[in-house]
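User: I should be grateful for a close look at one part of this model, namely the side-chain contacts along its helix. Please treat the aromatic rings, the nonpolar surface and the charged pairs in one connected account.

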Amino acid sequence: MELFTPEFGLVFWMFVSFILLFVVLAKWGWPVIIKMMDSRAATIDQGVENAKQAKEQLDNAREEAKKYIVEAQARQQEMLREAAKMKTELIEQSKSEAAEAARKEMEAAKVSIEQARKEAELQFRNEVGKFSIEIAEKMVRHQMEDAAAQEKLVNKLLEEIEQN
């Protein structure tokens, strides 16, 4: 039964060694341990604070990204509208330029046709005049075969010249 009932000397030395161990630990061990635990707690608190800040920054970054996305989509829509407007303007400009070119071509064709008509008319008149002169020449030759008719025609022409 000695295990269950220790002697007084054993209890005394155990108590003394416990007090010594307690004093040594209280003087040098516990402050270091508490300091380390406080440091560790401060590190954990700082980590938690950093995590909160990182979460806030992430949330802010997400909101900012959403704003940028919305802004980019608005710019994209504006650019698409502007491109469509430019396309329409270019088409209208091309149509008006084509219409103007066609009008100029039509006017040039009309002028060309009018010139060709006048040239043909002039050529026709020249031909008619030439034929008329040839016919008149043949008629006058026929009438002028005798000398008396020639003299009579010359006198008549001289009288007309004197009157004019």
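Analyst: The account below takes the aromatic pairs, then the nonpolar patch, then the salt bridges. The model is a predicted one, and side-chain atom pairs are counted only at pLDDT 80 or more.

A pair of aromatic rings is described by two quantities, the distance of the centres and the angle of the planes. Across the whole structure, the search returns two aromatic pairs. One of them joins Phe12 to Trp13, with 5.3 Å from centre to centre and 70 degrees between the planes. Because planes over 60 degrees apart count as edge-to-face, the Phe12–Trp13 pair, at 70 degrees, is given that description. The two partners fall into separate accessibility classes: Phe12 has 39% relative accessibility and is partly exposed, while Trp13, with a relative accessible area of 59%, is exposed.

The other pair is formed by Phe18 and Phe22, whose ring centres are 6.3 Å apart and whose planes make an angle of 25 degrees. Planes under 30 degrees apart count as stacked, so the Phe18–Phe22 pair is a stacked one. Phe18 and Phe22 are four residues apart in helix H1, which spans residues 8–143, and about one helical turn therefore separates them. Phe22 is partly exposed, at 49% relative accessibility.

Phe18 and Phe22 also belong to a nonpolar surface patch of about 1,100 Å². The other contributors to this patch are Phe15, Ile19, Leu21, Val23, Leu25, Trp30, Ile33, Ile34 and Met37. Met37 is placed in helix H1. With 55% relative accessibility, Met37 counts as exposed, because the exposed class begins over 50%.

The charged side chains are the next topic. With a limit of 4 Å between a side-chain nitrogen of Lys or Arg and a carboxyl oxygen of Asp or Glu, the count is eight salt bridges. One of these connects Lys55 and Asp59, with 3.4 Å between the closest N and O atoms. Since Asp59 and Lys55 lie four residues apart in helix H1, about one helical turn separates them. Lys55 is exposed, at a relative accessible area of 53%, whereas Asp59, at 28%, is partly exposed.

Further along the numbering, Arg103 and Glu107 form a salt bridge in which the closest N and O atoms are 2.3 Å apart. The spacing of Glu107 and Arg103 is four residues in helix H1, or about one helical turn. Both ends of this bridge are partly exposed, with 40% relative accessibility for Glu107 and 38% for Arg103.

A salt bridge between Glu114 and Arg117 likewise has its closest N and O atoms 2.3 Å apart. Here the spacing is three residues, again about one turn of helix H1. Glu114 is partly exposed, with a relative accessible area of 31%, and Arg117 is partly exposed at 42%. Glu114 and Arg117 are not confined to a separate pair: together with Glu121 and Arg125 they are linked in a network of salt bridges.

In summary, helix H1 holds the stacked Phe18–Phe22 pair about one turn apart. Helix H1 also holds the Lys55–Asp59, Arg103–Glu107 and Glu114–Arg117 partners, each spaced by about one turn.

Notes. Residues are numbered from 1 along each chain as its sequence is written. Side-chain values use heavy atoms; hydrogens and water are left out. Rings of Phe, Tyr and Trp (its six-membered ring) pair if their centres lie within 6.5 Å; planes under 30 degrees apart count as stacked, over 60 as edge-to-face and the rest as tilted. Buried means under 20% relative accessible area, exposed over 50%, partly exposed in between (1.4 Å probe, protein chains only). Helices (H or I, at least four residues) and strands (E, at least two) are DSSP runs, numbered from the N terminus. Patches are made of residues with over 30% relative accessible area and no salt bridge: like charges are joined within 9 Å, nonpolar side chains (Val, Leu, Ile, Met, Phe, Trp, Tyr) within 5 Å. Accessible areas come from the Shrake-Rupley method with a 1.4 Å probe; for residues, only the protein chains shown count as cover.
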